[in-house]
Each structure stands twice: as structure tokens, then as C-alpha cells.
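This report covers a single protein chain, from its aromatic pairs to its overall dimensions. The sequence and the structure come first.

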Amino acid sequence: MLRENPNGRQCLDMKDLRELTESSLSKTLKISADKLRSLSQKAPLLYRERKESKKSGGLRLIEAPHENLKSTQRNLLHGILDHLPLSDSFFGRAGSSAIQAAQLHVNKPMVVTMDIKDFFPSVSSKMVYGMFRRRGASQVVAKILTRLVTRKSHLPQGAPTSSCVAALVLSPAIHDIERAIKSIGVSSFSVYVDDVALSGPVGLKRIKETVVSIFERHGFRVHPAKIRVMPKGMNQEVLGLAVNRGLEVSQSFQAEYEQKVNELGPSHPTVKGKRNYIDSVAKTHKSA
């Protein structure tokens with residue numbers, strides 16, 4: 001059943017995709033069924049490529065969809081994907097943020113963070129199709145959805161749907177990790193895109209290899225150089241924020257921001273985004 005969300009967009013009132021048909025999908029995406037089928041066939045060709053420098057060195061491929069595909073992807077995100085259930089451990093959807101994820105890990109005896117390597121490129125079209133089928137979509141609908149959100153057999157970094165689709169694909173691994181860490185009393189667990197953080201008692205470090213193996217079993221790889229085990233006596237950092245005693249912008253994030261200001265100028269979108277993040281943290285810290 002179609003309804004309007006608080007932003008006035010049409011969305012489907014469902015917790016899975018069993019009732020989703022080509023007809024209801026096309027209405028939600030605001031295009032005819034014929035145009036939907038045509039767009040899904042052409043979608044992998046409707047991207048522009050560019051490369052950006054990674055913070056850790058090397059280049060990252062950005063695959064930005066053309067406006068007509070991007071508009072349809074936004075309607076898919078807000079009308080369907082955002083309404084599919086995910087664990088409370090996921091952050092980054094509407095109503096949650098990186099700051100909220102980091103707040104979970106404030107003042108903990110032990111914090112462990114890790115990074116899923118090449119996150120979007122590692123999510124294959126096969127994995128996306130399988131996720132839609134497990135969520136109840138018919139073969140026809142799952143194929144259309146997969147073609148709308150993937151390119152060259154993977155999730156494109158640059159499409160508005162990619163973060164949500166990646167989280168939905170990652171969801172079974174997160175459920176397995178939640179069950180594993182519950183046995184040792186881990187008090188907090190968060191996933192923000194490809195950044196994973198756990199916090200709790202000092203013994204938490206013993207489960208690090210278990211968490212890594214669960215990700216690998218589900219087709220993901222953890223970047224070994226980015227695993228950090230941080231007891232209370234050292235600087236504990238989650239998502240660019242220091243969490244030892246409260247929530248503050250870390251020295252490394254502040255240094256990175258200042259470097260970007262010098263390289264790109266204060267009006268560059270990347271710099272503005274980092275400045276807004278710093279200001280948001282300051283407001284959170286002041287109100288705490």
C-alpha cells in the first residue's frame with residue numbers, strides 16, 4: 001500500500017518485499033512500468049566516472065549516476081529501501097548519525113574499531129540480488145532492483161542507494177556478530193557504512209578474530225592495518241571523535257580538516273562537510 005512519508009514522498013508501507021510488484025514499484029518510483037524496465041536495462045551505462053584521493057593513499061573510483069537514474073534511485077531509497085528493517089547497530093539512516101554511533105563508546109574500558117576493506121566494490125550484484133530475494137522480492141522484481149542499484153557487478157560509490165543497499169547486504173553478518181559478542185558482555189556495537197566499533201570490558205579484545213572471521217564468512221574483508229585495539233589508557237577514537245571522557249573531535253581529525261582547508265580552500269564541499277561535523281560535535285558536547 002502506498003502512503004506519503006513526512007517529506008511528502010510516496011513510499012510503500014511494508015517491512016519486506018513480498019508484496020512488491022512491477023506495478024507498485026513503478027508507482028513508487030514515479031515512472032511507468034515500461035520506462036522502469038527500459039531504465040533498468042540501461043542503468044549500468046548511465047554513470048560518469050572520476051577518481052578521488054584516499055585519505056590512506058591511492059585513488060578511489062567514484063561512479064556518479066546521471067540525473068534521471070539518480071532521481072529514480074532517490075525515490076527507491078526513500079520509498080522502499082529506507083523502510084526495510086535493520087538492526088539498531090546500524091547508523092547513518094535518516095534519524096541517526098556518526099555522532100550518535102560514536103556516543104555509544106564513550107568512557108569504556110576497551111574500544112575496538114575496524115574497517116571493511118573496499119566496501120562498496122566488494123558488494124557484488126549476486127549478493128545484492130540474493131538480499132532482495134531473501135527480503136521477499138520475486139525474481140523479476142529482484143532483477144530490476146539489482147540493475148537499478150549496481151554497475152559492473154558491484155555497488156557504485158556515488159549512487160544514493162549504495163550505503164543503504166550495502167547495509168542490507170551486510171545485515172546477516174551483523175546479526176551473527178551481535179550473537180557472538182553478546183556472550184562476553186560487549187556493551188556497545190555500531191556500524192557506520194564500513195566503520196565498525198565495539199566497546200565494553202577489557203576482555204573484548206579476545207573476540208576480535210571472531211568478528212573478522214564472521215565478516216569473511218559473509219564475503220567481506222576487514223582491512224588488517226586498520227584494526228585498532230584501544231584500552232582506556234590510550235587515545236580512544238571512533239569515527240574521528242575522541243571518546244575517552246566525552247565526545248570531542250580527535251587531534252587526527254582536526255589535523256586532517258586543517259590540511260584540507262589548505263589544499264582545497266574553506267568553500268570546498270569536502271571542507272564544509274568536515275566543518276559541519278566539527279560544529280555538530282561541539283553542539284553535542286556543549287549540551288551533554
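A residue counts as buried when its relative accessible area is under 20%, and as exposed when that area is over 50%. The model discussed here is predicted.

**Aromatic pairs**

By the first of these cut-offs, Phe-119 and Phe-120 are both buried. The centres of their rings are 5.6 Å apart and the planes meet at 25°, so this pair is stacked. A search of the whole structure returns three aromatic pairs. Ring pairs also join Phe-119 and Phe-120 to Phe-220, and these residues form a cluster.

Phe-253 and Tyr-277 form another of the pairs, with ring centres 5.3 Å apart and planes at 65°, so the arrangement is edge-to-face. Phe-253 belongs to helix α10 (residues 251–264) and Tyr-277 to helix α11 (residues 269–287), so the contact ties together parts that lie 24 residues apart in sequence. Phe-253 and Tyr-277 are both buried.

The two pairs with stated geometry are set out below.

| Pair | Distance of centres | Angle of planes | Class |
|---|---|---|---|
| Phe-119 and Phe-120 | 5.6 Å | 25° | stacked |
| Phe-253 and Tyr-277 | 5.3 Å | 65° | edge-to-face |

**A sheet of three strands**

Strands β10, β11 and β12 make an open sheet in the order β10-β11-β12, and the pairing is antiparallel. β10 (237–238) and β12 (248–249) are the edge strands, each with a single partner, so one side of each has no neighbour in the sheet. Between β10 and β11 (residues 241–242) there are two bridges, in the antiparallel sense. Within this part of the sheet, Val-238 is placed opposite Leu-241 of β11.

**The second largest pocket**

The second largest pocket holds about 270 Å³ of space. Its lining consists of 13 residues, and those nearest the centre are Asn-235, Ala-242, Asn-244, Ser-250 and Gln-251. Two elements, β12 and α10, each give two or more residues to this lining. Strand β12 is thus met again here, as is helix α10, which carries Phe-253 of the edge-to-face pair. Sorted by class, the lining comprises three nonpolar, seven polar and three charged residues.

**Positive phi in two loops**

Which loop holds Lys-30? Lys-30 sits in the loop between α1 (22–29) and α2 (33–42). Its phi is near 65°, a positive value in a residue that is not glycine. With a relative accessibility of 52%, Lys-30 counts as exposed.

Ser-153 is found in the loop that runs between α7 (139–149) and α8 (162–182). The phi of Ser-153 is about 70°, again positive although the residue is not a glycine. Ser-153 has a relative accessible area of 52% and is exposed.

**Overall form**

The protein contains 11 helices and 12 strands. Its radius of gyration is 20 Å, close to the 19 Å that the globule rule gives for 288 residues, so the protein is as compact as a globular protein of that length. Taken along the principal axes, the C-alpha atoms fill a box of roughly 60 × 50 × 35 Å. Of the 288 residues, 44% are buried.

Technical notes: Residues are numbered from 1 along each chain as its sequence is written. This is a predicted model: local features need pLDDT of at least 70, side-chain atom pairs count only at pLDDT 80 or more; totals for chains, interfaces and linings use all residues. Side-chain values use heavy atoms; hydrogens and water are left out. Two strands pair if DSSP finds at least two bridges between them. Helices (H or I, at least four residues) and strands (E, at least two) are DSSP runs, numbered from the N terminus. Rings of Phe, Tyr and Trp (its six-membered ring) pair if their centres lie within 6.5 Å; planes under 30 degrees apart count as stacked, over 60 as edge-to-face and the rest as tilted. Buried means under 20% relative accessible area, exposed over 50%, partly exposed in between (1.4 Å probe, protein chains only). On a 1 Å grid over the protein atoms alone, a cavity is a set of points where a 1.4 Å probe fits but cannot get out, and a pocket is an open set with protein on both sides within 12 Å along at least five of seven lines; lining residues have an atom within 4 Å of a point. Grid points are joined across faces, edges and corners, and a volume is the space filled by probe spheres set on the points. Ala, Val, Leu, Ile, Met, Phe, Trp, Tyr, Cys and Pro count as nonpolar, Asp, Glu, Lys and Arg as charged, and the others, Gly among them, as polar. The radius of gyration is taken over C-alpha atoms; the globule rule is 2.2 Å times the number of residues to the power 0.38.
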